[in-house]
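Colleague: I should like to go through the assignments made for this structure and hear the reasoning for each. Please begin with the surroundings of the ligand.

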Amino acid sequence: MTAASSRSLEAYEPEAMRAWHLPGVVERFAHEVEVADAALRGLNVPVTIDGRPVATEDGIDSFDPADPTRIVARSGSASAAVIDEAVAVANRTHRLWSAVPPAGRAEVLFAAADALRADRDRIAAIEVFEAGKPWSEADGDLCEAIDFLEFYGRAIVELDASLVVQSPLGEANSAGYRARGVTAVISPWNFPLAIPMGMVSAAIAAGNAVVFKPAEQTPAIAYEIVKAFEAAGLPEGVLSFTPGRGEVAGARLVEHPDVATIEFTGSRAVGLAINQRAAASSHSSRYVKRVIAEMGGKNAIVVDSDADLDEAVPEVAKAAFGFAGQKCSACSRLIVVGRRYDEVIERLAAHADTFILGHPKDGATSVGPVIDADAHERLLSVIDGTRGTVRYRHQRLPETGWFVPPTIVDGLESEAPLRRDEQFGPLLAVVHANDLDHAFELANATDYALTAGLFSRSPDAIARAGELQAGNIYVNRGTTGAVVGRQPFGGMLQSGTGPKAGTLDTLRALSSAWVVTENTMRQGFAADLVT
Ligand code: NAD
């Protein structure tokens, strides 16, 4: 294990993605996919409290979205009583874990990163089957999970020094951060390893005990987080794992009086409801509960009249249709300035038509299925019910699986669901703008403010990119693929409460700051009082 002190924040480097062109890399991953293909059938994923599996009355099945006849995993389903048990354990272990110095906690995070590295292809292969991720997307999620561990491990040892206090003559001031209290982590399925790992690792780095409820759709991947921390030597009970239904296990976690902080990533509707319930239940708690909620987006990319379309078209296509449009950062609105409107749509359609839709276990697949039957049905009905003009609809869909065709629609009214609501699928609404002012006005006409993009060759236009209302703004590149340590991630307005993931601010939000002030103007040393 590397000493924490040798891993400074300054020296942090993101984990390199798999270089598929190098000899043996494709073959090795293909082998892991084959192994997973044979093995992933009804994998047992238990509720785990205090290091021990806990039997639950009910269970939840997760499916391969590209072949729903396969049950990938059967997880436990935590009841309210099971959540109470997990929180009681967390409350006890919290005191012990928060007393471990930051460097000691960092060691555990680094060891968990090593555990993920050692098992990298096997874990990524689970994502292929349980989340429907194409190979590179699965590998990317794994790298990001490692990045969060490396980043927060380094950041926690630097946190106290970031709280600067003056000590004038006669007064000694010292300050630092301590763990805030038991933290509930409630996560989505779309980055089933990286996002919960980001939330869990930040909370653990800050000295909190965690109760982690993953999304119903991806428990097997989430369980790898527990295994990595177990391999890293995290004391039992610091991280409990409570897969379960949102409205049962999630709701009880939010309302439990001994939960101090709720880290949530998911939809706006659920995030706002959690915020409300956490505030209301603070009346019966020692804490004013803090909610960190990262939510959805209705992200726009503006293509300026002078944009390089060779650059813009593939990047927009990737941002809109990559992982079947199921990224919070995905582009779902395209705003084209000026006369090349039709040309942009035609080129985008031609590009999208090169995509191969298929089972992600096939390395050639570029777009996989959507996550579940509900999403499948809902997205198809949005396409069928649109009053806009369908300019492109991908035609080569596999016969089985929850596949939705990449689709481009224009001619929509401003209140049309495709322009206004996050759909979370491969559906792109295109709008024409007369000039850049108009384009920015259209882009900002939403309460979401997560990501935004601008393609332009004009320095004046590029200088205005900050006028786009979003937490993460990208110029001359797509809106997806934020890297820990390079693009701290998170939205504004109704896309999120902040702080951004991958910053010291997140560690601060999971902590409470303390200050000790000593009056050093003593009246002399009283030796006779020293025993
Ligand atoms: P979701 O809101 O349906 O579920 C997220 C989690 O909340 C799940 O674990 C679910 O079980 C739980 N939950 C549901 N109801 C609950 C309740 N009443 N109380 C407590 N917990 C409850 O979201 P999803 O479908 O899993 O994920 C997709 C959404 O996540 C999209 O809106 C996407 O934009 C968003 N997302 C945002 C970010 C970001 O960083 N801003 C990242 C990824 C995903």
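Modeller: This is a predicted model. Helix H8 (246-255), strand E10 (261-265) and helix H9 (268-281) each contribute at least two residues to the shell around the ligand.

Colleague: What makes the ligand lie between domain 1 (25-295) and domain 2 (299-475)?

Modeller: Both domain 1 (25-295) and domain 2 (299-475) give residues to the shell, so the ligand lies between them.

Colleague: Which residues come nearest to the ligand?

Modeller: Of the 28 residues around the ligand, the nearest are Ser187, Glu216, Ser267, Met295 and Glu422. The shell divides into 15 nonpolar, eight polar and five charged residues.

Colleague: Why is the pair formed by the side chain of glutamate 422 and the ligand called a polar contact?

Modeller: An N or O atom in the side chain of glutamate 422 is 2.6 Å from an oxygen atom of the ligand. The cut-off for a pair of N or O atoms is 3.5 Å, so the pair qualifies as a polar contact. A backbone N or O atom of glycine 266 also lies within that limit, 3.3 Å from a ligand oxygen atom.

Colleague: How much of the ligand does the protein bury?

Modeller: Taken alone, the ligand exposes 860 Å², and the protein buries 88% of that. The ligand sits in the largest pocket.

Colleague: What kind of peptide bond joins glycine 498 and proline 499?

Modeller: That bond is cis, with omega about -5°. Proline 499 belongs to the loop between strand E20 (492-493) and helix H16 (504-509). Most peptide bonds are trans.

Definitions and conventions: Residues numbered from 1 in each chain as written. Predicted model: local features only at pLDDT ≥ 70, side-chain atom pairs only at ≥ 80, totals over all residues. Heavy atoms only, no water. Near = heavy atom within 4 Å. Polar contact = N/O pair within 3.5 Å; in protein donor to acceptor, adjacent residues only side chain to side chain. Areas by Shrake-Rupley, 256 points an atom, 1.4 Å probe, with all protein chains shown as cover. 1 Å grid on protein atoms, 1.4 Å probe; cavity = no way out; pocket = protein on both sides within 12 Å on 5 of 7 lines; lining within 4 Å. Sits in = over half its atoms within 2 Å of the grid points. Helix = DSSP H or I, 4+ residues; strand = E, 2+ residues; numbered from the N terminus. Nonpolar A, V, L, I, M, F, W, Y, C, P; charged D, E, K, R; others polar. Domains from an automatic or database assignment.
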